[in-house]
Amino acid sequence: MNLLPIEIKVNIEGDVTAALSALGGSSSPRTTRRIWFAEDRDGVAGGRMPLLDGGVIVRLRIGGDPDDLTVKLRPCTREQLVGRFSAPFEAEPFTYKIEEDWSGNRRVLAASLVHGHPPGALPDAVKPGADPGASIDVVQDQFLHACAPAVRLDGLVALGPILSTKVDEVPLGGLEADLEAWSVADLNFLEVSIRVKPKGEDDVEKFTARAERKQRKLEDAVRERGVVLSEHPENKTRRVLTALAGAGQN
């Protein structure tokens with residue numbers, strides 16, 4: 001049975017620094033990056049986000065080793081992932097993942113194609129007036145044409161930067177969690193995430209039940225440390241892009 005990994009997330013707002021400390025992330029090594037998202041320039045000027053509304057995310061992360069550009073479909077369906085994109089693969093400098101994305105009661109499928117770049121290769125793509133779509137690789141273009149053929153990538157604008165601070169593999173209530181803080185436009189979020197991978201003996205029912213237990217365990221571990229979970233219905237990507245587009249940043 002072709003089961004997919006599940007990424008389980010909880011979001012925290014407010015005093016992110018205090019939450020990082022409470023969850024054990026203050027003393028661990030951190031990775032700091034700047035993040036931009038690409039959107040349709042004309043759409044943003046008109047108060048719309050056509051790519052995001054169409055389930056397409058184009059993200060550029062700068063400051064890591066390597067930098068990377070990601071094209072993601074979320075939500076998507078298994079049926080639209082066709083050809084070579086029907087199954088995950090790694091082929092340097094590309095990583096293609098298909099996984100379920102759980103946050104609270106929301107469960108969606110996501111497919112992402114990441115292209116790693118040498119440090120310093122992407123800053124020109126996010127300069128004012130630049131079109132970040134020019135940095136989308138031919139393989140990523142094939143991914144979109146095959147799996148989301150209605151998407152248009154003409155005339156994009158970069159929205160950002162978002163300051164990202166990430167701490168990986170933090171012990172938390174018997175789990176290993178990744179903590180990532182985002183700061184932009186007077187918004188501050190902390191995302192706590194774990195990944196649950198299928199085992200050889202799993203069927204759909206058994207794997208789903210195990211993931212649900214892990215989700216409850218993660219939520220309980222965060223609350224036990226005095227940290228309040230966000231109940232905002234929109235995910236952080238949409239909230240951040242809405243704020244950036246409204247502020248006219250590029």
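Visitor: So a salt bridge is a side-chain nitrogen of Lys or Arg within 4 Å of a carboxyl oxygen of Asp or Glu. Which side chain of opposite charge is nearest to R59?
Guide: That is D68, 4.5 Å away, and R59 has no salt bridge although R59 is buried (under 20% relative accessible area; exposed is over 50%, partly exposed in between; 1.4 Å probe, protein chains only). Charge here means Lys and Arg positive, Asp and Glu negative, with His and chain ends not counted. This is a predicted model, where local features need pLDDT of at least 70, side-chain atom pairs need 80 or more, and totals for chains, interfaces and linings use all residues. Residues are numbered from 1 along each chain as its sequence is written, and side-chain values use heavy atoms, without hydrogens or water.

Visitor: What else is R59 in contact with?
Guide: Beyond neighbours within four places in sequence, R59 is in contact (heavy atoms within 4.5 Å) with residues including I35, W36, F37 and T70.

Visitor: New topic: which residues of α4 are buried?
Guide: In this helix (a DSSP run of H or I, at least four residues; strands are E, at least two; numbered from the N terminus), V139, Q140, F143, L144 and C147 are buried. They fall within an arc of 140 degrees (directions from the helix axis to the C-beta atoms), so they line one face.

Visitor: And what's on the face turned away?
Guide: V138 and H145, both exposed, sit there. Strands β3, β4, β6 and β7 are among what covers the buried residues.

Visitor: Which peptide bond into P75 is cis?
Guide: The one from R74, with omega near 0 degrees; P75 lies in strand β4. The bond from E92 to P93 is cis too, with omega near 10 degrees.
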